[in-house]
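These are my notebook entries on one protein chain. I wrote down what I looked up and what came back.

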Amino acid sequence: MAKKRPQTKVKPQLIDGEVPVVGAREPCPCGSGRRYKACHGRAAAHAATELVQRPFEGLPGECDWVALRELVPAATAGLSLRGGLPEGVPSVTLATVLPMAWPALRRDDGSVLIGLQNDTASGDISRDLADTLLRALEAAPGTPVQGRRAPAEGPRLQDLLDPEGAFEPVVHSGFEFWVPDAENATPEVAASLERANAAAIPTVKLSGVDAAYWCETPDKNHLRWVMPHPEEQLLDALARLHAAGRSSLGEGTRLVGSFRAHGLTVPVWDLPTGVTAEDVEKPAAEFAERLAAALAVQEPLTPDERRARGGLTNRQVTLS
């Protein structure tokens, strides 16, 4: 019986950052002798699919990023880049969605629009959006940017955006911001604009508190408020207020549960149909004060507060 030959591993000849992407079944360019999918492709695939729980963490206005990604139909926000804008790019604007669901658009004047609510190819929304932004900055004026999977080692938004730049969303009643002159839009864009406007839920950003958005639906209105506090601490505080009968925003309003979105918690209130965004400005500011006091409490929850917390947790829905 023939002896087995001793097996020796061929060490890669290149470092990870130098290995180009090839087909999964092709020999790995590093020189290991193995197929790419079993060598450097394994790490690249893992990096591409690993879910980043808080993709917008560290960006100015993280809570508003989450709101624009998940809750707000039509909104824009100007973006500031590290080192300033490239020559020929007068502005970069984040938009909730763009016509034809384009990931990005370079307008005729050189300005850039980036769509936030598009599907992404990896588990890191920030990296995918950064890749789209970089390609949009290099695109020819007047052309959209198509989607693709971002390189696993590519930059993230946190690497490209000015950390001191303000993030100030502007909520729109419709999507006319898509085109400077809607009357001269192409038939495809005009049809997309009409469909989007028909589906948009009226939404208003409150001015007195951060990242709280009122919206109007046929049956009732709602307030959805993205909060930055750690989830467990926030749920305890909401439970304390709920058990004490202090979690509403006025007569006829009710805290009904919360969303979990991109690592943050979003409490939701039902509001009577006649309650407008202006009507909840003062109650929301007063609730923020009550919440701050409840967040500071260190004692264990009482039995009533535990029951209230259980009810809130049972009505929690994960969006992402």
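I began with a term: a residue is buried under 20% relative accessible area, exposed over 50% and partly exposed in between, with a 1.4 Å probe and protein chains only as cover. The model is predicted, so I noted that local features need pLDDT of at least 70 and side-chain atom pairs pLDDT 80 or more, while totals for chains, interfaces and linings use all residues. Residues are numbered from 1 along each chain as its sequence is written, and side-chain values use heavy atoms, with hydrogens and water left out.

**Entry 1: the whole chain**

I looked up the helices and strands, which are DSSP runs numbered from the N terminus (helices are H or I, at least four residues; strands are E, at least two). The chain has 8 helices and 12 strands. Of its 320 residues, 44% are buried. The accessible surface is about 17200 Å² (Shrake-Rupley method, 1.4 Å probe; for residues, only the protein chains shown count as cover). Carbon and sulfur atoms account for 51% of that surface. I then looked up contacts, meaning heavy atoms within 4.5 Å. Among contacts between residues at least 6 apart in sequence, 61% join residues at least 24 apart.

**Entry 2: salt bridges**

I searched for salt bridges (a side-chain nitrogen of Lys or Arg within 4 Å of a carboxyl oxygen of Asp or Glu). The count is 13.

One of them joins Glu62 and Arg54, at 2.7 Å from N to O. Are these two residues buried, exposed or partly exposed? Glu62 is buried, because its relative accessibility is 11%. Arg54 has 28%, so Arg54 is partly exposed. I also found that Arg54, Glu57 and Glu62 are linked in a network of salt bridges.

Next I took Arg156 and Asp124, whose side chains meet in a salt bridge of 2.7 Å, N to O. Arg156 sits in the loop between strand 5 (143–145) and helix 4 (157–160), and Asp124 in the loop between strand 4 (112–115) and helix 3 (125–138). The two are 32 residues apart, and the pair links distant parts of the chain. Arg156 is buried at 18% relative accessible area, and Asp124 is buried at 4%.

The third pair I noted is Arg309 with Asp236, at 2.6 Å from N to O. Arg309 belongs to helix 8 (residues 303–314) and Asp236 to helix 6 (residues 231–243), so their salt bridge ties together parts that are 73 residues apart in sequence. Arg309 counts as buried at 16% relative accessibility, whereas Asp236 is partly exposed at 24%.

**Entry 3: aromatic rings and helix 2**

I looked for aromatic pairs: rings of Phe, Tyr and Trp (its six-membered ring) with centres within 6.5 Å, called stacked if the planes are under 30 degrees apart, edge-to-face if over 60 and tilted otherwise. The whole structure has 7 such pairs. The ring centres of Trp65 and Phe167 are 4.8 Å apart and the planes are at 15 degrees, so this pair is stacked. Trp65 is in helix 2 (residues 62–70) and Phe167 in the loop between helix 4 and strand 6 (170–171), 102 residues apart. Both Trp65 and Phe167 are buried. Ring pairs link Phe56, Trp65 and Phe167 into a cluster.

I then checked helix 2 itself. It is mostly covered, with 8 of its 9 residues buried. Among the buried ones are Glu62, which I met in Entry 2, and Trp65.

**Entry 4: helix 5**

What is the span between the end C-alpha atoms of helix 5? They are 19 Å apart, which agrees with the 18 Å expected for the 13 residues of helix 5 (residues 187–199). The expected span is 1.5 Å times one less than the number of residues.

In helix 5, I found Val189, Ser192, Leu193 and Ala196 buried. They lie on the same side of helix 5, because they cover an arc of only 105 degrees around the axis (taken from the directions from the helix axis to the C-beta atoms). Pro187, Glu194, Arg195 and Ala198 are exposed on the other side of helix 5. The general rule I copied down is that an α-helix has 3.6 residues a turn, so residues three or four places apart point the same way.
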